[in-house]
Amino acid sequence: MLEYIFFGGAAQQGLFTGKIARVVLDLPLMIDSAFCAAAAMITFGALIGKVAPAQILWILAMEVPFYVFNVWLAVDVLGCLDMGGSVTIHAFGAFYGLGAALVLSTPGAGSNHPKNGASYISDVTAMIGTIFLWIFWPSFNGALASSSGPGLEDQQFYCVVNTVVSLTGACLMAFTVSSFVENKLNMVHVQNATLAGGVAIGSSANFAMVPGAALLVGLSAGALSTLGYCFIMPALEKAIKLQDTCGVHNLHGMPGIFGGLVAALVSVIGADANTALLPLGGATWWHQIIAVLTTFVVSVCTGAMAGWVVGKVQLPSVKQKLAVEDLYEDSLFWSEVEPEGESSHGWLPTFDPGSTGGEGGDGGIEPPTSRTLVGGDFLEGGTMPHHTTQTVTGGQDYLTCIIS
């Protein structure tokens, strides 16, 4: 955000052209800096686990000037309609990260890596984030919608209503397609594709449209995102070795491009009801398409260039190249984090129903042993409350808890 305040503020306010002597910090600039940070977090999702933290830091630092350039080119030069950032935030952040991932990712870092996955606990925790994003997405899309000026009085109203309706459609389709394709609900689809409607409606969120149109955008985006996780991304990984840790291609990349094209369509179909939002008039639709294509090219090329620089040039602090066995491993960079798959609780009883020895009878259950824990001792999954004791008994398939 601080980097954008300088680069973005200088570009917006004319520091580079001599119009001002210093950047003035105001609310719109702060909001734009947060949007730039959102694009960087999307980029982060494409790379996390596959490259060292220092490498990610340099990639994100290089992203800000490219982000500013792309916003200037797409919005100021080409006249892109992008109130909620479908194109300049979501699509740019996703494809910049994927461009870097194409260059930097280690062979063997794909979806088949044993540590490239989630646990039940991490899925539940991530779902909390999905709920918060779903609730606050209307404010994201409408943060910069102005109500001053003829024909602009209801911009924020339409941003909120269209976003909520589109998100609802994405939820319906994400659950439907996920259960249809896999016969069960997939938590990855629920966490991500349910938000695709907010991404896709972003470019046209401030347009006056019937609720059915916003619902159709959400339904289409939810289906597209879910199918991306099921079929499109696995095909890209097989064809061009594209590795996407968090699925940003499916949640931000494709829905962002789709949202930009939706705005082009709405600028034609709904031109009479939105004349105040179409300064280019009948030429808006093809300017919009060019802006979408330009953003895709700029993001992929600059991301690949940043990845090449970080991977090939000896930059300060960038000396780590992760081995395959170290990918997706937090213990390399964080203290008090155990390597994944290892546990310090080696005393917990283990059972081997297939063995034949032991005093526990048939099945080879270990001889009865016990250990009593007091409050504060560590158990699998956390620390016991201080008002409890717990007896762990070997030779049985349960834990006996005694509340003291």
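**Figure 1. Asparagine 183 in the loop between helix H6 (155–182) and helix H7 (187–192)**. The model shown in this and the following views is predicted. Asparagine 183 is not a glycine, yet has a positive phi of about 65 degrees. Its relative accessible area is 67%, and because exposed means over 50%, asparagine 183 counts as exposed.

**Figure 2. Lysine 241 in the loop between helix H9 (211–240) and H10**. Lysine 241, also not a glycine, has a positive phi of about 60 degrees. With a relative accessible area of 59%, lysine 241 is exposed.

**Figure 3. A nonpolar patch on the surface**. The patch is formed by Leu261, Leu265, Val268, Ile269, Trp285, Trp286, Ile289, Ile290 and Leu293. Together these residues have about 860 Å² of accessible area. Two or more residues of the patch are given by each of helix H10 (248–269) and helix H11 (284–312). H11 supplies the largest share, 5 residues. Tryptophan 286, one of the patch residues, lies in helix H11. At a relative accessible area of 38%, tryptophan 286 is partly exposed, because this value falls between the limits of 20% for buried and 50% for exposed.

**Figure 4. Phenylalanine 6 and phenylalanine 7, an edge-to-face pair**. A pair of aromatic rings is described by the distance of the centres and the angle of the planes. By the rule used here, the count comes to 11 aromatic pairs. In the pair of phenylalanine 6 and phenylalanine 7, the ring centres are 5.2 Å apart and the planes stand at 75 degrees. The pair is therefore edge-to-face, a class that takes angles over 60 degrees. Phenylalanine 6 is partly exposed, with a relative accessible area of 42%. Phenylalanine 7 is partly exposed too, at 28% relative accessibility.

**Figure 5. Phenylalanine 35 and phenylalanine 140, a tilted aromatic pair**. The distance is 4.8 Å centre to centre, with 55 degrees between the planes. The pair links distant parts of the chain, as the two residues are 105 residues apart. Phenylalanine 35 belongs to helix H2 (residues 27–47), and phenylalanine 140 to helix H5 (residues 120–141). Phenylalanine 35 has a relative accessible area of 7% and is buried. Phenylalanine 140, at 22%, is partly exposed; this value is not under 20%, so phenylalanine 140 does not count as buried.

**Figure 6. An aromatic cluster and serine 299**. Tyr4, Phe66, Tyr67, Phe92 and Tyr96 form one aromatic cluster. Two of its members, Phe92 and Tyr96, are touched by serine 299. Leaving out residues up to four places away in sequence, serine 299 touches Ala91, Phe92, Phe95 and Tyr96. Serine 299 is placed in helix H11. Its relative accessibility is 0%, so serine 299 counts as buried. A polar atom of the serine 299 side chain lies 2.9 Å from the backbone oxygen of phenylalanine 296.

**Figure 7. Histidine 90 in helix H4 (residues 86–104)**. Histidine 90 is buried, with a relative accessible area of 3%. Not counting neighbours within four places in sequence, its contacts are Ile42, Gly84, Gly85, Trp137, Phe140, Val199, His252 and Gly253. Among these contacts is Phe140, the residue that pairs with phenylalanine 35 in Figure 5. Histidine 90 and alanine 38 are 52 residues apart along the chain, and their C-alpha atoms are separated by 8.1 Å.

**Figure 8. Methionine 254 in helix H10**. Methionine 254 counts as buried at 13% relative accessibility, because the limit for buried is under 20%. Apart from its neighbours within four places in sequence, methionine 254 is in contact with Phe95, Leu224, Gly228, Ile232 and His249. Phe95, listed here, is also touched by serine 299 of Figure 6. The C-alpha atom of methionine 254 is separated by 8.5 Å from that of alanine 221, a residue 33 residues apart from methionine 254 along the chain.

Terms used:
Residues are numbered from 1 along each chain as its sequence is written. This is a predicted model: local features need pLDDT of at least 70, side-chain atom pairs count only at pLDDT 80 or more; totals for chains, interfaces and linings use all residues. Side-chain values use heavy atoms; hydrogens and water are left out. Patches are made of residues with over 30% relative accessible area and no salt bridge: like charges are joined within 9 Å, nonpolar side chains (Val, Leu, Ile, Met, Phe, Trp, Tyr) within 5 Å. Accessible areas come from the Shrake-Rupley method with a 1.4 Å probe; for residues, only the protein chains shown count as cover. A salt bridge is a side-chain nitrogen of Lys or Arg within 4 Å of a carboxyl oxygen of Asp or Glu. Helices (H or I, at least four residues) and strands (E, at least two) are DSSP runs, numbered from the N terminus. Buried means under 20% relative accessible area, exposed over 50%, partly exposed in between (1.4 Å probe, protein chains only). Rings of Phe, Tyr and Trp (its six-membered ring) pair if their centres lie within 6.5 Å; planes under 30 degrees apart count as stacked, over 60 as edge-to-face and the rest as tilted. A polar contact is a pair of N or O atoms within 3.5 Å; within protein, one must be able to donate a hydrogen and the other to accept it, and residues adjacent in sequence count only if both atoms are side-chain atoms. Contact means heavy atoms within 4.5 Å.
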